[in-house]
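These entries record what I looked up in the structure, element by element. I began with the packing of helices on the sheet and then turned to the ligand and single residues.

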Amino acid sequence: MKTQKDREQKFYTKPFASFTAKKQLGQNFLVDPNIKRKIIAGCELKKEDVVLEIGAGLGALTEEIAGQVKHVFAIETDWQLLETLRSRIRASNITLINADFLSYPLDSLSGKIKVIGNLPYYITTPIIEKVLQHSHIFNSLYITVQYELAMRMLAKPNTKEFGSFSCFIQYFADVQKIVKIKSTAFRPIPKVDSCFIKLVIHPKPAIKVSDEKLFFFVIHQAFQQRRKNILNALNALEDKVTLAEIFNKINLKGSLRAENLSLEDFASITNQLKALRRNRAGG
Ligand code: SAM
């Protein structure tokens, strides 16, 4: 007997007789034409754009994008899907690449490329991290992610969603919500709703930090113990007396919690710690 789940899995097999969605590859295909229209409009496509689509799938977005831009590089890890897509595509400005985006060498790409994709949920964070680490190639991302993750990326201080991932993203990019997407817009239907968001990568990070590694370590430590006040949460980095002196210098109350601090506050703490360490090292 076929279960409801089987029926959902087979939804897309109609036009492609032998294909079954692979759950382990995050294969949830966009089937809602209204959402597709909103995504395409939200991508702000221009004739001169070069686009990298991550996870092209069965091409729900690929040809539509290609019709409005100069070129599309479409990456898809599942060769079976990619071959299906190859047989359907008519546009000549699409390069199909059968690869795992996370291990794909990006050296062959240059210029200012727009990243677009309904991303596979199981690797959304590493995909975003890889794109942000290649800001010399990419200038913006137009991506669908899980709704709850989008809320963390958009979160501002003094909210419960604000955390180390919010800080990481907002240090590198300006984030905007474009449209919430109900789970029923995809087949098979995922367990959670999604959100289509836009990230514009800062040509240079928006705030000045003297040591990026230390900055992210401070943020990580602070949020790892988010219920503690910031003086106690950062105690692993320096003794409390030194920390209190630093907070005093930058006019920050030690009784605040990580979620009450802005990116600028974390940058000030980092810059003070870095200066202290330089002094100690005699440099
Ligand atoms: N773009 C299509 C759509 O909107 O219908 C498919 C979106 S589906 C959520 C994500 C796609 O990413 C799947 O086709 C999946 O096979 C592909 N994918 C999964 N892991 C990948 C990886 N590491 N690199 C590239 N593509 C991947």
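**Entry 1: helices on the sheet.** I note at the outset that the model is predicted. I looked first at helix H4, residues 79-88, and found that H4 lies across strand S3 (71-76) and S4. Its direction makes an angle of about 160° with S4. I then took helix H2, residues 33-42, which lies across strand S5 (113-118), S6, S7 and S9. Relative to S7, H2 runs at about 160°.

**Entry 2: the sheet itself.** In what order do the strands of the open sheet follow one another? I read the order as S4-S3-S2-S5-S6-S9-S7, seven strands with mixed pairing. Strand S4 (94-98) and strand S7 (173-181) each have a single partner strand and stand at the edges, so one side of each has no neighbour in the sheet. On average, and with direction ignored, neighbouring strands of this sheet are turned by 20° against each other. I also checked one pair within the sheet: strand S6 (residues 138-146) and strand S9 (residues 194-201) run antiparallel and are joined by seven bridges. Val-145 has Cys-195 in S9 as its bridge partner.

**Entry 3: helix H6.** I listed the buried residues of helix H6 (residues 147-154) as Leu-149, Ala-150 and Met-153. These buried residues fall within an arc of 100° when seen down the axis of H6, so they line one face of the helix. Their cover includes helix H5 (124-133), S6, helix H7 (164-172), S7 and S9.

**Entry 4: helix H10.** Which residues of helix H10 (residues 240-249) are buried? I found Thr-242, Leu-243, Ile-246 and Phe-247. They cover an arc of only 135° around the axis, and therefore sit on the same side of H10. The partners against which they pack are helix H9 (230-233) and helix H11 (263-280). On the face turned away from the buried side I recorded the exposed residues Val-241, Glu-245, Asn-248 and Lys-249.

I then examined the two ends of H10. At the N-terminal end, Asp-239 acts as the cap, with a side-chain oxygen 3.1 Å from the backbone nitrogen of Val-241. After the helix comes Asn-251, which has a positive phi near 65°.

**Entry 5: Glu-259.** I placed Glu-259 in the loop between H10 and H11. Its side chain makes a polar contact of 3.0 Å with the side chain of Arg-226. With neighbours within four places in sequence left aside, the residues in contact with Glu-259 are Pro-157, Asn-158, Thr-159, Phe-162, Phe-223 and Arg-226.

**Entry 6: the ligand.** Which of the 23 residues around the ligand come nearest? I noted Leu-30, Gly-55, Glu-76, Asp-100 and Asn-118. For Leu-30, a backbone N or O atom lies 2.9 Å from an oxygen atom of the ligand. For Asp-100, an N or O atom in the side chain is 2.8 Å from a nitrogen atom of the ligand. I also recorded Gln-27, which has a polar side-chain atom 2.9 Å from an oxygen atom of the ligand.

**Entry 7: Glu-48.** Is Glu-48 buried or exposed? I entered Glu-48 as exposed because its relative accessibility is 55%, and the cut-off for exposed is over 50%. Glu-48 is located in the loop between H2 and strand S2 (50-54). Finally, I compared Glu-48 with Asn-279: they are 231 residues apart in sequence, and their C-alpha atoms are 50 Å apart in space.

Technical notes
Residues numbered from 1 in each chain as written. Predicted model: local features only at pLDDT ≥ 70, side-chain atom pairs only at ≥ 80, totals over all residues. Heavy atoms only, no water. Buried < 20%, exposed > 50% of the residue type's maximum accessible area, 1.4 Å probe, protein only. Helix = DSSP H or I, 4+ residues; strand = E, 2+ residues; numbered from the N terminus. Arc of directions from axis to C-beta. Contact = heavy atoms within 4.5 Å. Polar contact = N/O pair within 3.5 Å; in protein donor to acceptor, adjacent residues only side chain to side chain. Pairing = 2+ DSSP bridges. Axes fitted to C-alpha atoms, helices over the stretch in contact; angles between N-to-C directions. Near = heavy atom within 4 Å.
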